[in-house]
Amino acid sequence: MLIAANWKAYVETPTKARALVASAKRLALRSKHTLVLAPTYPHIGLFPGAGKKNLALGAQDISIAEGGAATGEVTGKQLKSLGVSYVIVGHSERRATGETNELIARKAQQAIANKLTPILCVGERTRDADATYLQELRAQVTAVLSALTPKDRGTIVIAYEPVWAIGRSAREAITPADLAEMILYIRKLLAEHVTVKAAAKIKILYGGSVEPGNVRELAEGGKVDGFLIGHASVDVPTFTDLVKKLS
Ligand code: PGA
């Protein structure tokens with residue numbers, strides 16, 4: 001499985017960042033899963049040696065700028081040069097700042113142009129009885145997939161993160177049965193842009209209140225290829241416990 005740790009802005013010091021990385025290195029050595037750590041920009045450069053066995057470095061965002069006069073932007077080239085291999089795009093917390101599907105598609109293109117794997121976050125804000133939320137999901141997937149070349153489409157990772165389930169507790173996360181249904185739906189959407197065979201190979205992660213207490217049942221019943229973990233990834237004992245629950 002692919003287990004991506006989205007540190008968001010929880011980690012405030014290099015000391016804490018180093019402790020999390022040291023522990024993840026030990027975990028990764030003994031794990032059959034691939035761990036991806038996504039620190040904030042200031043901490044990414046602390047770990048140039050990442051990319052060891054089962055451990056990869058991720059970024060939480062990427063600029064559409066390619067370099068030069070672009071104050072405050074962090075480019076794909078810069079991320080690549082620091083050993084980053086995954087980039088989260090379209091996270092709901094970025095969408096909430098005004099990022100549109102079109103901008104997210106351009107970020108995914110930038111990532112791929114720099115040989116970085118985009119982890120495209122999609123997910124409905126709320127649910128409704130007539131299932132119009134499925135249209136929201138369709139628009140998010142379609143905007144990005146249709147902006148990529150057919151060959152590049154197969155290289156992305158999807159993270160299904162229903163916004164209503166983010167940053168809560170295991171009790172409020174999605175149920176394994178509902179998750180399995182959504183994963184099937186997303187795979188069907190993917191198959192509109194790539195062959196059914198290629199769609200089956202695209203990794204789909206789940207994110208939203210994954211904790212040690214629910215990760216195993218979600219892995220067993222949810223038909224997912226991994227997880228995107230927020231708050232449970234920034235505490236060493238909790239994250240260790242969570243990864244061990246999957247072993
Ligand atoms: P959470 O965040 O695990 O804290 O719910 C997940 C995410 O937003 O990526």
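## Surface and overall dimensions

The protein chain exposes about 11100 Å², an accessible area obtained by the Shrake-Rupley method with a 1.4 Å probe, where for residues only the protein chains shown count as cover. Carbon and sulfur atoms supply 54% of that exposed area. The model is predicted: local features need pLDDT of at least 70, side-chain atom pairs count only at pLDDT 80 or more, and totals for chains, interfaces and linings use all residues. Residues are numbered from 1 along each chain as its sequence is written, and side-chain values use heavy atoms, with hydrogens and water left out.

The protein chain contains 11 helices and 8 strands; these are DSSP runs, with helices being H or I of at least four residues and strands E of at least two, numbered from the N terminus. The chain is as compact as a globular protein of 247 residues, because its radius of gyration of 17 Å is close to the 18 Å from the globule rule. The radius is taken over C-alpha atoms, and the rule is 2.2 Å times the number of residues to the power 0.38. Along the principal axes, the C-alpha atoms fill a box of roughly 50 × 45 × 35 Å.

## Buried residues and nonpolar cores

Of the 247 residues in the protein chain, 54% are buried, that is, under 20% relative accessible area (exposed is over 50%, partly exposed in between; 1.4 Å probe, protein chains only). A nonpolar core is a set of buried Ala, Val, Leu, Ile, Met, Phe, Trp, Tyr and Cys residues joined through side-chain atoms within 4.5 Å. The largest such core has 69 residues, and Y206 and F227 have the most contacts inside it. Helix α8 (residues 176-190) gives the most to this core, with 7 residues. Apart from it lies another core of 13 residues, including L2, V36, V157 and L228.

Contact denotes heavy atoms within 4.5 Å. Beyond its neighbours within four places in sequence, Y206 is in contact with residues including Y160, P162, L179, F227 and L228.

## Ligand surroundings

The residues around the ligand (a heavy atom within 4 Å) include H91, I166, G208, S209, L228 and H231. An oxygen atom of the ligand is 2.7 Å from an N or O atom in the side chain of K8, and for the side chain of E161 the distance is also 2.7 Å. For the side chain of N6, the corresponding distance is 3.4 Å. The protein covers 100% of the 280 Å² of accessible area that the ligand has on its own.

Methods. A polar contact is a pair of N or O atoms within 3.5 Å; within protein, one must be able to donate a hydrogen and the other to accept it, and residues adjacent in sequence count only if both atoms are side-chain atoms.
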